[in-house]
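User: I would like to learn how to read a structural model feature by feature. Could you take me through one, giving the general idea before each case?

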Amino acid sequence: MKLQINNINKSFAGSNNGQSAVEALKNVNLTVAEGEFVCLVGPSGCGKSTLLNIIAGLTAASSGQIDCSGRLGFMFQEPTLFPWLKVKDNIGFGLKILKRSKEKINEVVDYFLELTHLSNFKEAYPHELSGGMKQRVALARTLALKPDILLMDEPFAALDAQTREMLYKELQEIWQFSKKTVIFVTHNVREAVVLGDRVLVFTARPGQIKKEFKINLPRPRDINDIEVTKISNAINQELKTEVAEAVKELEHYEK
Amino acid sequence: MKNKLIRLAKPLTFIACLILLWQILYWLKIWPKWLFPSPADVWLTLVKGFANHTFIWGILISLKRIFIGFGVSIIIGTLLGFLIAKIKLLRETVDPIILGLQTLPSICWLPLALLWFGLNEKAIIFVVLMGTVLSLTISVKGAVLNIPPILINAGKMLGADGLNLYRYILIPAILPSYLTGLKHGWSFAWRSLMSGEMLFISVGLGQLLMFGRELNDMAQVMAVMLVIIVIGVIFDQLIFGKIEKNLRAKWGL
Ligand SMILES: Nc1ncnc2c1ncn2[C@@H]1O[C@H](COP(=O)(O)OP(=O)(O)OP(=O)(O)O)[C@@H](O)[C@H]1O
Ligand SMILES: [Mg+2]
């Protein structure tokens, strides 16, 4: 499903202790083709999460519009499994709301449990899982609704390198056969290069798209591949100045 | 089973020691017998009270009142709590008033209740209601406001909106704090009921307690106090405490 973002601006009203308004996004334009995997990288606080929230309709943009038809799935930056539901009920949550039959729900849940290698934890509660397993459940829960567009906000940021690499592999496989449109936010440039068809670099706040890198490497890609390293270095170069900018602003903020 | 016995062994031994101490104090005859009965006197009064059914009726009538008062409080408190949490206007108007009224000890509602309803059941149930409903409202409101917004967003992205959002996200999300609130609410209700029953003529445990005083029967006073404590413990620890503990374990809290 195609996704078009036109001239999005967003500023947050300042809080009541006399702060001025925060300009989070400025003139963001982006077109994502059907089945495309787009990665967003940028300094902390530049508005990446805000952009995803606007696309998802959870936050209203100050101006601009979003064109997208099709079902959206969202994997959040923070853990969002429902602690009162077992793994299988977390995964089946969306289908239950759609009032699908029990058999149908079980079938879909079992399929995604298998896909994310969680079959043994079907009956567990979220607090009994490791961080990586929780994120896999969150992925399965999002995929179970068969979204056309997948919004992923640093879904693997809190995980160790080994688990992360395993999940890259799983995600690439899932994406290759399901051909979903994905927008993937990350701080990790290599991660972006391994996963994306395109990597977009954001400026420091207010976030704007500064530069775009097309990644034409064959899949599946390995994070230690020399080409991946080369492109990552180029992107890092681009990012450095923006991160420096963001840090300067933070220091200013503290004073 | 064996573990349970071991876990209970310490508190039970302690209680046995207390009773022994009580008995020794009684033997020392520091206070006159009618002010300080022996454990056996209290036990006999208990047995007699249950045998001639006065205690049983007292318990049943008090429980009936608390079930009605507490039940109505749960309904009103839960609805009001949700409304205040969800409607900003109510948060700015009703909420401060509720916080203010909550500081009023529930028994202070008794004169008003007696004038409104007369000397009857309704008055005492009203006192129980006023002693419980505000604290429940406040705890439900707090619980709803404390739900992490990200969980609500996750629910929305998975298709839960409108009533589904309440049914599948908001209500389950507040359950642990709701149960804690119910537990507190129950103890408020129980206290309100006892003070209400003691202050005006009405069958019930509170009145049995006052009878003991009027007859100068300290054994009766202590026996009824024991019954009140045991009922409190049963509901507080065994019923609400158990449910709460199981739920918290399930959530990993
Ligand atoms: N609800 C809000 N109210 C006020 N300001 C907000 C709100 N949400 C975000 N902001 C501000 O908007 C800016 C962008 O935030 P956002 O969360 O989108 O950053 P981000 O790029 O996702 O950062 P990170 O990489 O650290 O997750 C930040 O400066 C933040 O302080
Ligand atoms: Mg973010």
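Analyst: What follows is a guided reading of this model, which is a predicted one.

User: Let us begin with the overall make-up: how many helices and strands does chain A have, and how many does chain B have?

Analyst: A count of secondary structure elements is a sensible starting point. Chain A has 8 helices and 9 strands, whereas chain B has 10 helices and 0 strands, so that its pattern along the sequence reads α-α-α-α-α-α-α-α-α-α.

User: What does the radius of gyration say about chain A?

Analyst: The idea is to set the value against what a globule of that length would give. For the 255 residues of chain A a compact globule would have a radius of gyration near 18 Å, and because chain A has 19 Å, the two agree. The C-alpha trace of chain A spans about 55 × 50 × 35 Å along its principal axes, and that of chain B about 70 × 55 × 30 Å.

User: How should I read burial and surface make-up, and what percentage of the residues of each chain is buried?

Analyst: Burial describes the residues, while the surface make-up describes which atoms supply the exposed area. In chain A, 50% of the 255 residues count as buried, and of the roughly 12100 Å² that chain A exposes, carbon and sulfur atoms supply 49%. In chain B, 44% of the 253 residues count as buried, and carbon and sulfur atoms supply 74% of an exposed area of about 14300 Å².

User: And how are the charges arranged, that is, how far apart are the centres of the positive and negative sets in chain A?

Analyst: One compares the mean position of each set. Chain A carries 33 positive and 31 negative side chains, with the two centres 3 Å apart; in chain B the 23 positive and 10 negative charges have mean positions 9 Å apart.

User: Turning to the metal, which residues coordinate the magnesium ion?

Analyst: For a metal site, identify the donor atoms and then ask where they sit in the fold. The magnesium ion (ligand 2) is coordinated by A:Ser49 through OG and by A:Gln77 through OE1, at 1.9 to 2.3 Å. Because A:Ser49 belongs to helix H1 (residues 48-56) of chain A and A:Gln77 to the loop between strand E5 (72-75) and helix H2 (87-91) of chain A, the pair ties together parts 28 residues apart in sequence. A:Ser49 is partly exposed at 23% relative accessibility, and A:Gln77 is partly exposed at 35%. Since water is not among the atoms, the site may look incomplete.

User: How would I read a single helix, such as helix H7 of chain B: is it largely enclosed or not?

Analyst: Count its buried residues, then ask what they pack against. Helix H7 (residues 149-157) of chain B has 7 of its 9 residues buried, so it is largely enclosed by the rest of the structure. Among these buried residues are B:Ile150, B:Leu151, B:Asn153 and B:Met157. The buried residues of H7(B) pack against H1, E5, helix H3 (93-97) and helix H5 (131-143) of chain A, together with helix H8 (163-199) of chain B. Just after H7(B), B:Gly159 takes a positive phi of about 100°.

User: Finally, where is A:Ile215 placed, and is it buried or exposed?

Analyst: For one residue, combine its place, its accessibility and its contacts. A:Ile215 lies in the loop between strand E9 (209-214) and helix H8 (226-254) of chain A, and counts as buried at 3% relative accessibility. Beyond its sequence neighbours up to four places away, A:Ile215 touches A:Val193, A:Gly196, A:Asp197, A:Val199, A:Arg221 and A:Ile231.

Technical notes: Residues numbered from 1 in each chain as written. Chains lettered and ligands numbered in written order. Predicted model: local features only at pLDDT ≥ 70, side-chain atom pairs only at ≥ 80, totals over all residues. Heavy atoms only, no water. Helix = DSSP H or I, 4+ residues; strand = E, 2+ residues; numbered from the N terminus. Rg over C-alpha atoms; globule rule 2.2 N^0.38 Å. Buried < 20%, exposed > 50% of the residue type's maximum accessible area, 1.4 Å probe, protein only. Areas by Shrake-Rupley, 256 points an atom, 1.4 Å probe, with all protein chains shown as cover. Lys, Arg positive; Asp, Glu negative; His and termini not counted. Charge placed at Lys NZ, Arg CZ, Asp CG, Glu CD. Donors = N, O, S within 2.8 Å, 3.2 Å for Na, K, Ca; no water. Contact = heavy atoms within 4.5 Å.
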